[in-house]
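Student: I am new to this structure and would like a close look at one part of it. Could you walk me through a single stretch and then show me what lies around it?

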Amino acid sequence: MPERLKVALAGIGKIAIDQHVPAISASPDWELACTVSRKGNVDGVQAFTSIEEMLAERPDVSVVSLALPPVPRFAYAAAALRAGRHVMLEKPPGATLAETHALQAMAADRNLSLFATWHSRMAHAVAPAKAWLQGKSVIRAHITWREDVRKWHPGQDWVFEPGGMGVFDPGINALSIMTEILPNPVHLKSARLEFPSNRQTPIAAQLTFSDNVTADFDWRQEGPQTWDIEVATNKGNLALRMGGNVLEIDGKAMAGENSIMGEYPALYARMADLVLAGRSEVDLSPMVHVADALTLGERIITDAFDF
Ligand code: NAP
């Protein structure tokens, strides 16, 4: 049996525990060699509180996976690349486009793999949706991404701090699917951003792109959550529901499975392939749309928000 890749997982918080640890543990390709987190740890796994200490003490760890929020992530990624390790980035890949370009250059200079992951692109129905849309003309498309920030980011003030991206933290998942499946690229034409009066990032956003593509992101939805992308074409209507996991064509379920549990195993399988092939995968197009919305968007001040 080929040797498993040793990975250090940094930022032991919600997504690390919910998704990364189960995906790594279930994979024949990977061994969770250690963690790096100031407070968090995983039972039975060596725990470091500093990335520099881990890099010095574990030269056998070839891959560092970063599940930290975007603002602190760059320093960890740069340290890992400088120490000759391959790096896997949670989404969004950075706090700014320029720092992600810097990581790309660092990885390329050192022949290391850098993977800017988009977990929603691994949802069950995204590949079939992309295949169905090939060769068709899009007449219009609409994204509805409405969820409850208190449920998905309980007490995480960083999402409302500069660089936390606010509602674009989930919204960028929708944009990662949109940029993957639409047969032609679109660009942002206008945006309306709703900022709580006591916060630095938007809690809701309405976006208008070229080619009649629109999006409605809202973090105040209680009860049923909505993660839908609907596309009307010259040859029928497509709907991706449940965050890209279920595909409907003309109202009939065609493919997929109502579960997000396939996304992170698929990300780690892709990372193993990239490392073995000596390649990187960094597509920043979803983040370009977010940067454009924050540049171009009309700013509305709305009710204060507290967890
Ligand atoms: P989180 O639980 O708030 O943060 C993860 C961990 O990062 C924290 O437990 C903390 O560990 C460490 N951390 C936080 N701020 C830090 C700082 N300033 N400096 C150093 N370490 C810091 O967040 P999360 O929900 O897991 O999200 C992390 C990333 O995953 C985000 O980019 C998010 O978009 C993405 N993601 C989240 C979800 C979700 O449902 N929440 C889903 C998919 C992807 P220590 O205090 O122990 O160092």
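Tutor: Let's begin with strand 14, residues 252-256: none of its five residues is buried, so this strand lies largely in the open. Please keep in mind that we are looking at a predicted model.

What does strand 14 pair with? Strand 13 and strand 14 run antiparallel and are joined by four bridges. Within this pairing, E248 has A253 of strand 14 as its bridge partner. The two strands form a hairpin with two residues between them, and D250 in that turn has a positive phi of about 50°.

Now step back along the chain. Strand 13, residues 246-249, also pairs with strand 12, again in the antiparallel sense and over four bridges. Here R241 has V246 in strand 13 as its bridge partner. This is a hairpin too, with four residues between the strands. M242 sits in the loop between strand 12 and strand 13, and its phi is positive, about 55°, although M242 is not a glycine. Most residues other than glycine have a negative phi, so a positive value is worth a second glance. M242 is partly exposed, because its relative accessible area is 30%.

One more step back brings us to strand 11, residues 226-233, which runs antiparallel to strand 12, residues 236-241, with five bridges between them. E230 stands opposite A239 of strand 12, and the hairpin that joins strand 11 to strand 12 passes through two residues. While you follow these strands, it helps to remember that in a regular strand the side chains alternate between the two faces of the sheet.

The end of strand 11 leads us to K136. Leaving aside neighbours within four places in sequence, K136 is in contact with P183, T233, N234 and K235. K136 itself belongs to the loop between helix 5 (126-133) and strand 7 (138-146). Is K136 buried or exposed? K136 is buried, yet has no salt bridge. The nearest side chain of opposite charge belongs to D250, 9.0 Å away, and D250 is the residue we met in the turn between strand 13 and strand 14. A salt bridge needs a nitrogen and a carboxyl oxygen within 4 Å, so a gap of 9.0 Å does not qualify. What K136 does have is a polar side-chain atom 2.5 Å from the backbone oxygen of W132.

For contrast, let's look at charged side chains that do pair. The rule gives a count of 18 salt bridges. One of them joins D216 and R146, whose closest N and O atoms are 2.9 Å apart. This pair links distant parts of the chain, since D216 is in strand 10 and R146 is in strand 7, 70 residues apart. D216 is buried at 14% relative accessibility, whereas R146 is partly exposed at 27%. Salt bridges with shared partners gather R146, R192, E194, D216, D218 and R220 into one network.

Another salt bridge brings together the side chains of D169 and K91, at 3.4 Å from N to O. D169 is in helix 7 (residues 168-181), while K91 is in the loop between strand 5 and helix 4, 78 residues apart. D169 is buried, with a relative accessible area of 6%, and K91 is buried as well, at 9%. The peptide bond that joins K91 and P92 is cis, with omega about -15°.

That pair also takes us to the ligand. Of the 26 residues that surround the ligand, the closest are S37, R38, K39, K91 and D169. S37 places a polar side-chain atom 2.6 Å from a ligand oxygen, and W158 has a polar side-chain atom 2.8 Å from an oxygen atom of the ligand. I15 contributes through the backbone, with an N or O atom 2.8 Å from a ligand oxygen.

So your route starts at strand 14, which lies largely in the open, goes back through its hairpin with strand 13, and passes buried K136 on the way to the residues that surround the ligand.

Definitions and conventions: Residues are numbered from 1 along each chain as its sequence is written. This is a predicted model: local features need pLDDT of at least 70, side-chain atom pairs count only at pLDDT 80 or more; totals for chains, interfaces and linings use all residues. Side-chain values use heavy atoms; hydrogens and water are left out. Buried means under 20% relative accessible area, exposed over 50%, partly exposed in between (1.4 Å probe, protein chains only). Lys and Arg count as positive and Asp and Glu as negative; His and the chain ends are not counted. A polar contact is a pair of N or O atoms within 3.5 Å; within protein, one must be able to donate a hydrogen and the other to accept it, and residues adjacent in sequence count only if both atoms are side-chain atoms. Contact means heavy atoms within 4.5 Å. Two strands pair if DSSP finds at least two bridges between them. A residue is near a molecule or strand if one of its heavy atoms lies within 4 Å of it.
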